[in-house]
Each structure stands twice: as structure tokens, then as C-alpha cells.
Amino acid sequence: MNSASAPRAIKPSSELATGSQVSSKGRILAWASWDWGSAAFNAVMTTFVFTVYLTSNAFGGKDEASAVLGAALAVAGLAIALLAPVTGQRSDAGGRRKLWLGVNTAAVAVLTALCFFVFPQPEFLLLGVTLIALGNVFFEFAGVNYNAMLAQISTPRNIGKVSGIGWGAGYLGGIVALLIVLQLFVQPSFEWFGASTQDSLNIRLVAVFSALWFFIFALPVLFAVPELPRTGQAARLGIVASYRLLFRRIRAIYATSPHTIYFLLASAVFRDGLAAVFTFGGIIAAGTFGFELSQVIFFAIFGNVVAAFGAIIGGFLDDRVGPKAVIIGSLAGLLVAGTVILVLGNGDYSFFGMDWAGSTTFWVFGLFLCLFVGPAQSSSRAYLARLAPHGESGELFGLYATTGRAVSFLAPALFTLCITVATPLVAAGEAQRWGILGIMVVLLAGLLVLLPVKSPDKAPIAVVPSA
């Protein structure tokens with residue numbers, strides 16, 4: 001099928017190839033600044049600080065609060081899966097990619113700031129989880145437009161490096177934000193009103209800090225990167241017509257560039273495994289290897305530094321050997337490191353006369369896991385950006401978000417299943433370690449599904465129908 005045989009089809013060229021062949025360092029840094037700022041929502045609000053606060057006993061018990069939070073995030077995930085492709089489609093065609101990036105970013109910042117009013121009382125639990133869940137929805141919508149901008153600020157020669165710089169900035173921004181939060185609010189280095197723990201003022205002020213951090217560092221991209229030209233009429237379509245157009249385009253992509261669809265499916269699987277490495281890393285460090293909270297935080301800081309380094313180095317390799325090679329190498333490295341952690345566990349060993357403690361196993365090979373996560377994430381984004389048809393990056397990255405959400409249950413389910421199966425078979429306290437096997441299975445499955453997928457330079461650009 002070609003453009004001649006596809007009625008009302010656009011020219012089958014990629015947005016990357018038809019864009020500028022010269023990239024500006026200023027625009028790249030402005031774009032990466034958004035990644036730096038967004039880490040305040042990811043690392044501080046949803047991972048290490050505010051959700052931990054929401055699931056504390058102050059909100060009616062850890063189990064109940066955790067269940068409510070989980071349910072709210074599940075609903076948010078469903079909303080993202082259903083709406084992300086259409087929001088990307090409409091911002092593409094309406095020439096409003098930057099506008100909607102700004103609107104959704106502002107929404108996240110406002111919702112984050114409103115978390116200040118979540119007092120440590122059970123009646124405020126619903127407010128807290130609703131704000132976090134809505135923040136996740138708008139954050140993903142913003143991410144669709146942000147990822148789609150990659151083709152606007154890079155060239156075919158440096159897209160891997162630019163994507164790696166963005167991911168690296170995100171990891172480093174998370175470290176800086178966490179250190180500031182620890183020093184000013186959680187474990188303050190000096191006395192000031194924000195250090196007060198009365199009514200959890202210090203934690204509620206973390207929300208205000210996170211909102212300002214994200215908003216301020218998101219501003220540069222809104223000023224430095226030009227708006228996307230208007231390309232069609234899809235922004236004027238109703239919601240039902242937008243979905244009809246979406247399904248037509250998915251069928252057209254499968255017919256003219258099936259490997260684009262294959263990559264979306266493969267990446268959905270291995271990205272779930274990548275997410276699980278960070279989601280369960282701290283849990284395994286504490287539960288299996290006996291790390292104290294302070295040790296977990298230190299590991300998280302070092303892990304983010306290593307992940308940032310890996311993402312940047314992986315970006316340079318991406319431009320030289322291609323994104324598929326980088327992803328395959330990263331997944332292989334993750335499987336090796338994870339297998340070593342699973343096999344050695346928290347045991348003490350002696351190698352060539354040197355003592356090797358269980359904590360050393362986790363520090364060494366846990367950091368190797370972090371090293372390989374960054375390149376796999378960065379090159380996945382660059383891989384898809386190379387295949388995005390002209391003017392369709394937003395819609396395609398919306399599908400990227402949707403497919404990821406559709407299988408996001410895999411790693412958590414297999415992690416839990418492996419622990420459940422191992423519990424009656426191993427000594428007390430040893431079962432959690434076998435949850436690593438579940439994560440490795442997901443990563444291996446993603447690798448196997450990816451192997452037959454063509455690299456972007458060998459896959460045709462899809463021919464898609466216009467509105």
C-alpha cells in the first residue's frame with residue numbers, strides 16, 4: 001500500500017526527516033529542563049514522599065489507605081489508556097502541541113500544590129488520592145506532547161543523544177529535588193517554619209515546593225520551542241469522530257508499517273519490566289537485603305546518578321549503532337544483573353579470599369540494573385520518534401502511553417505470583433527475593449518480542465489517512 005492507493009493519505013515521511021536538519025543547543029536544554037522539573041512530581045510526589053505520607057497510619061491505616069490509593073491510580077491508568085492517543089491526535093492536527101503541553105503541565109502543578117490542603121486525618125484521604133490520581137492523568141497527557149516534541153528539537157543525526165540528555169536530566173533533577181526536600185522538610189538541617197511537623201506542615205509544604213519546581217523548570221520549553229504548524233481538521237472533530245479516525249489510522253499503520261505496531265507492543269512489555277525495577281527496587285533492598293530507610297534513600301540517589309549516566313551514554317551509542325541495538329544490549333544487561341541478585345541473594349560469600357556480603361551484591365548489581373534502565377527508556381522514545389509519520393508524533397506517543405498502560409499489570413502480577421509460589425517452599429523471609437524472577441520474566445519476554453522487530457532505518461514510515 002502506498003500514498004497513491006490510500007485515499008486522502010498524507011505523504012509517507014517521518015516528522016523527524018521533514019523537520020529541521022540543524023538543532024539548537026538552547027532548544028535542547030530548554031526541552032530537557034521540562035524533564036528535570038517533572039522529576040519533582042515523579043520522584044517526590046508519587047514515589048518517595050507524598051504517597052508514603054498518604055499511606056501512613058494518619059489516614060486510617062496503611063492497608064486501607066494503600067488500597068484506596070491503588071484503586072484511584074488504577075482508574076487514572078484507565079483514563080490515560082483511553083484518552084492519551086486522542087489528546088495527542090488533536091494537539092497534532094490543531095497545531096497546539098506546545099499549548100497543550102503548557103496547559104497539562106499547569107494542571108499538574110496546580111493539583112500538586114493543592115495537596116498542601118491534605119491534612120493528616122482520615123477524612124482527607126479521598127482528597128489526597130484524587131489529587132494524585134488526577135495529577136497522574138494530566139502528567140501523562142503532558143508527557144505525550146513532550147515526547148512528541150523530540151522530533152522538533154533534534155535531527156536524524158542526534159535524536160538518540162537528545163533523548164538521552166532528556167532522560168538524564170530527569171534522573172538528575174529527581175536527585176536534586178529529593179536532596180532539597182530531605183534537607184529542608186523531611187530531615188531539616190536548620191530550624192525554620194517549614195520544618196514544623198505539626199499537622200504534617202513539612203510534608204504538605206513539600207507539595208508546594210514540588211509544584212513550583214515543576215512549573216518553573218517547565219517554562220523554558222514553552223518559550224524556546226516554536227508551536228507545531230496546523231496540519232489538519234482533526235482538532236475540530238467530536239470525540240466519537242476522533243476515535244473513528246484513530247482506529248482508521250491504527251489499521252493504516254498496521255497495513256503500511258506493521259513494525260511500528262510490533263514495536264509498540266514489544267516496548268509495552270519491556271517498559272513494564274523497566275518500571276518494575278525502580279518500583280520494587282527499594283522494597284527488595286529493605287525486605288530482602290535488610291537496608292534501613294536511610295540506606296534505601298542513599299541507594300536511590302546513587303541509582304539515579306548511574307541511571308542518568310547510562311541514559312546519556314546510551315544516547316550517544318543510539319546515534320551510532322541504532323536504538324534497537326542499545327535496547328537489546330540494555331535488556332541483556334538487566335537480565336544478567338537481575339539473575340546475579342536472584343542467585344546470590346543476601347548470602348555472604350568468599351571469592352578468591354575476599355569476603356562478599358549480601359549488601360555488596362545489591363549495591364554492585366543493583367547499580368548495574370540502574371545503569372541499563374536509562375538507555376532502554378531513552379532509546380525506546382528515540383526509536384518511536386524515528387517512525388512517527390509527519391504531523392503524527394503526538395498521536396503515536398499517545399498510543400505509546402496506551403499500550404504501556406494496557407500491560408502495566410504484568411510485572412506487579414508476576415512479582416506477586418513468584419513470591420506467593422515461593423513462600424511455602426523457602427525459609428521465612430526468603431520468598432520476596434524470588435519476586436525478582438517475575439520481573440526478569442517480563443524483561444525477557446519484552447526482549448524476545450523485540451528481536452524480530454525491524455530497526456527504524458529498515459521499517460517504512462506509515463501512510464495514514466487524514467481527517
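Mentor: Let's start with a term: a salt bridge is a side-chain nitrogen of Lys or Arg within 4 Å of a carboxyl oxygen of Asp or Glu. Here Asp 318, Asp 319 and Arg 386 are linked in a network of them.

Trainee: Okay, and what kind of model is this?

Mentor: It's a predicted model, where local features need pLDDT of at least 70, side-chain atom pairs count only at pLDDT 80 or more, and totals for chains, interfaces and linings use all residues. Residues are numbered from 1 along each chain as its sequence is written, and side-chain values use heavy atoms, with hydrogens and water left out.

Trainee: What's the mean pLDDT of the protein?

Mentor: The mean is 86, and 91% of the residues reach 70 or more. pLDDT is the predictor's confidence in each residue, from 0 to 100.

Trainee: Where does pLDDT stay under 50?

Mentor: Over residues 1-11. The model has 22 contacts (heavy atoms within 4.5 Å) for that stretch, beyond four places in sequence. Where pLDDT is low, the predicted coordinates should not be read in detail.

Trainee: Back to the network. How far apart are Arg 386 and Asp 318, N to O?

Mentor: Their side chains meet at 2.7 Å. Arg 386 is in helix H14 (residues 358-387) and Asp 318 in helix H12 (residues 293-321), so this salt bridge ties together parts 68 residues apart in sequence. Helices here are DSSP runs (H or I, at least four residues), numbered from the N terminus.

Trainee: Are those two buried or exposed?

Mentor: Arg 386 and Asp 318 are both buried. The scale: buried is under 20% relative accessible area, exposed is over 50%, and partly exposed is in between (1.4 Å probe, protein chains only).

Trainee: How many salt bridges does the count come to?

Mentor: It comes to 5. One of them joins Glu 140 and Arg 405, with the closest N and O atoms 3.0 Å apart. Glu 140 sits in helix H6 and Arg 405 in helix H15 (residues 393-406), so parts 265 residues apart in sequence get tied together.

Trainee: Why does Arg 405 count as partly exposed?

Mentor: Because its relative accessibility is 25%. Glu 140 is partly exposed as well, at 24%.

Trainee: Got another pair?

Mentor: Glu 395 and Arg 249, with their closest N and O atoms 3.4 Å apart. Glu 395 is in helix H15 and Arg 249 in helix H10 (residues 239-256), 146 residues apart. Glu 395 counts as buried at 4% relative accessibility, and Arg 249 does too, at 5%.

Trainee: New topic: which residues touch the most other members of the largest nonpolar core?

Mentor: Trp 34, Phe 50, Phe 263 and Leu 331, out of 122 residues. Such a core is a set of buried Ala, Val, Leu, Ile, Met, Phe, Trp, Tyr and Cys residues joined through side-chain atoms within 4.5 Å.

Trainee: What does Trp 34 touch?

Mentor: Leaving out residues up to four places away in sequence, its contacts include Leu 101, Phe 139, Tyr 146, Phe 214 and Val 221.

Trainee: And where is Phe 117?

Mentor: In the loop between helix H5 (97-114) and helix H6 (125-148). Phe 117 counts as partly exposed, at 45% relative accessibility.

Trainee: Any odd backbone angles?

Mentor: Asp 199 has a positive phi of about 55° although it is not a glycine, and Ser 200 also has a positive phi of about 55°. Asp 199 is in the loop between helix H8 (159-186) and helix H9 (201-224). Ser 200 lies in the loop between H8 and H9 too. Asp 199 is partly exposed at 39%, whereas Ser 200 is buried at 16%.

Definitions and conventions:
Helix = DSSP H or I, 4+ residues; strand = E, 2+ residues; numbered from the N terminus.
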